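Student: Could we go through this structure together and test each label against its definition?
Tutor: Happily, let us look at it first.

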Amino acid sequence: MNLRLKLLLIFITASLAAFTFFGFIAYDTAQSANLKNELDLLASVAPSIADAIGDDLEKKQKWNPVLEGADGISTDHRLYLFVADQHGAVISAPDLPELRQVFEQLHTTPDTRTGSLSHNASLYLWARAEVPKTNYQAVLISPSRGSAAYTFFREMGVSLIVTAMIVLWFASWGAMYVANLFEKVDEQKNILRHRALHDELTSLPNRALLNDRLQQIITSAERESASFALCFIDLNRFKEVNDTLGHHCGDELLLEVSRRLQNNLRKSDTVARIGGDEFALVLCRVDLAEAKVIAEKLMQCVELPVEIHGHKLHVTGSLGIALFPDHGADVETLLQKADVAMYAAKRSGTQIETYRHEFEVFSRDKLALTNDLHDAIHNNQLELYYQPKYHLATKTVVGAEALLRWKHPSVGYIPPATFVQIAEHTGLIRSLTKWVLQQAFCDYAHIAKHAQPLNMAINLSAHNLQDPDLEAELAALLEQWKVCAQHITLELTESAVVFNPAQTKQLLTRLTTRGFRISVDDFGTGYSTLTNLRRLPISEIKIDRSFVDNMVRDPGDASIVRATIGLGKALGLDVVAEGVETQEVLDALQAAGCETIQGYFIGKPMPLATFLVWRDTFNNKISEQHSQRA
Ligand code: C2E
Ligand code: CA
Ligand code: CA
């Protein structure tokens, strides 16, 4: 039953109930008034009848005990007359036993002049008057004309019907009015609810509703052991449309894209707009292969030219797919994975990508960091710190490794391992390395000019080996800063060196020909063997910190370190142990024949100026120890 009908029934029932209640009161009042009128009438005619009887009594005439049409009495009003003495001895009475019984009852209240009484469920009215100059009384008894209904309805019938109609009309009108009010409030509520859960421009579900739906879909997918896909779509260069053609065109474009997405999906799927130019799709009951096919079809539709206000626009988009339950089993994880996949597609320009763990570097946070890193390179927020390399036999600082530091204006220090990886994935590594090389050469020139020269180690990324300009850049730096290449060591990780060995060998050979030293960093963590490396023009290996740190606790690691030192020496390579933190480790390394060490035990990475002061102090301390021993 709808609200209007319900309210109508309630209102009509309520008003009929009220109408009946007040009608009943009116009826009751009318009845009482009627009774009173009848009694008054009886009381008023009783003396005149008694007077009339008085004469008859004297003449000893008989009188009619049933009076009809007495003065003031209507013809339909039956009136019975009893004439009795004060003791109740009746000398004239109608021949009706019923009335006789009523009369008997009256005898008990001789002083009352008028009244009513019930007998055998009928109401009787009576009045008495003294017959003048006799000991007799005339008692008039009249059966009440029953209910006042007749009079009531005769008098009030029309008004009642009119009132009932008016009441009904008001009730219906009131019901409609209230129903309207309710409907308006409901409508308002619905609008607000819709607004809270939908995007205003496209009317598509927003992020809140998407989360809700995802939760429901996950629950049913779990129950049915089914898979589904969540896709994120981001339009490429949408901002340009907004900026050049105006927001109006941008809005039209978004509307068109949302229409295309909706038209090309099944009813059971969901399209949501979750940001400016970002849409999310939930493809129910699909596996990865099906999701990819649908994704491709959708992207083809989205990328068809759009004509807006005479402008033909070619939109492209990036789509990321995350599959339930393979990539995430809860809403938050799925959303994050789809986002990461979408950014990977955007970054790599592949248009569609399915989530892979390696894509994590494409996450939003990291991308924000990419922009900041780009600024950092150009705004001098980076700095090179130097960590000493210490020669155990001669007890001298023989070199320093340049290590990048980035103090992010709002985040603070960010570890190089984090931002170097971002730079590698986003192509920023070239400009980052360019900055490092420039700064390191400049610092080297400064040291060479003002202090005792040393060997400087600079870290290169595997990606730098693919850079065709690297060699020329290094050559230009040697030239610019008048540096001898023998004083520069280029550190490359073991995995970088063994990747693409033929090409790497050529490049490294050319670099060593120019005089650069090549060091294999993090040695032991990759999959190379020393024999493998022997084919490459390498001058140094750096045993990874993980083995060095563990060698005093783990005999296995100690043997690896000792074997590496032995083999390195046998191949004519310098061996550096990194991550030396204690005297104990230093002693163990010395006993194993290691020549050069690096680690917090000797010195932490420090800014250039600090490093130079530190080196002077350190050297002085050592020579003091020498002279004391001498
Ligand atoms: P890495 O080349 O192996 O550098 C050595 C790392 O070990 C440095 O970390 C250094 O601070 C740390 N370290 C040195 N001695 C100790 C020690 O005794 N104990 C401990 N716990 N750590 C020690 P950092 O500076 O955080 O650099 C991490 C990595 O970032 C470097 O590893 C390198 O792969 C990369 N990196 C740093 N600067 C550059 C750069 O200019 N270019 C490139 N491509 N990569 C860089
Ligand atoms: Ca290094
Ligand atoms: Ca290392």
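The dialogue that follows takes up the metal site, the salt bridges and the ligand contacts.

Tutor: Please keep in mind that this is a predicted model, in which local features need pLDDT of at least 70, side-chain atom pairs count only at pLDDT 80 or more, and totals for chains, interfaces and linings use all residues. Residues are numbered from 1 along each chain as its sequence is written, chains are lettered from A and ligands numbered from 1 in the order in which they are written, and side-chain values use heavy atoms, with hydrogens and water left out.

Student: What makes E401, N459, E491 and D521 donors of the calcium ion (ligand 2)?
Tutor: Donors are N, O and S atoms within 2.8 Å of the metal (3.2 Å for Na, K and Ca), and water is not among the atoms, so sites may look incomplete. Here E401 (OE), N459 (OD1), E491 (OE) and D521 (OD) coordinate the ion at 2.1 to 2.3 Å, so they meet the calcium cut-off. Along the chain, their spacing reads E-x57-N-x31-E-x29-D.

Student: Why can we say that E401 and E491 tie together parts of the chain?
Tutor: E401 lies in strand 15 (residues 396-408) and E491 in strand 18 (residues 488-493), so the pair ties together parts that are 90 residues apart in sequence. The strands are DSSP runs (E, at least two residues), as helices are (H or I, at least four), numbered from the N terminus.

Student: Which ions does D521 bridge?
Tutor: D521 bridges the calcium ion (ligand 2) and the calcium ion (ligand 3), which lie 4.3 Å apart.

Student: Why is E401 called buried?
Tutor: Buried means under 20% relative accessible area, exposed over 50%, and partly exposed in between (1.4 Å probe, protein chains only). E401 has 4% relative accessibility, so it counts as buried. E491, at 1%, therefore counts as buried too.

Student: How do you know that K36 and D40 form a salt bridge?
Tutor: The term asks for a side-chain nitrogen of Lys or Arg within 4 Å of a carboxyl oxygen of Asp or Glu. Between K36 and D40 the N to O distance is 3.3 Å, so the pair qualifies. Both residues lie in helix 1 (residues 3-59), four residues apart, about one turn of the helix. K36 counts as exposed because its relative accessibility is 51%, whereas D40, with 40%, is partly exposed.

Student: What about D467 and R430, buried or exposed?
Tutor: D467 has 8% relative accessibility, so it counts as buried, while R430 is partly exposed, with 42%. Their side chains meet in a salt bridge at 3.3 Å, N to O. This pair links distant parts of the chain, 37 residues apart: D467 is in the loop between strand 17 (455-459) and helix 12 (470-481), and R430 is in helix 11 (residues 429-450).

Student: How many salt bridges does the structure hold?
Tutor: There are 24 salt bridges. Some share partners, joining K389, E401, E491, R517, E540, K542, D574 and E578 into one network.

Student: What makes Q387 a polar contact of ligand 1?
Tutor: A polar contact is a pair of N or O atoms within 3.5 Å; within protein, one must be able to donate a hydrogen and the other to accept it, and residues adjacent in sequence count only if both atoms are side-chain atoms. An N or O atom in the Q387 side chain is 2.8 Å from a nitrogen atom of ligand 1, so the pair meets the cut-off. D521 has a polar side-chain atom 2.9 Å from an oxygen atom of ligand 1.
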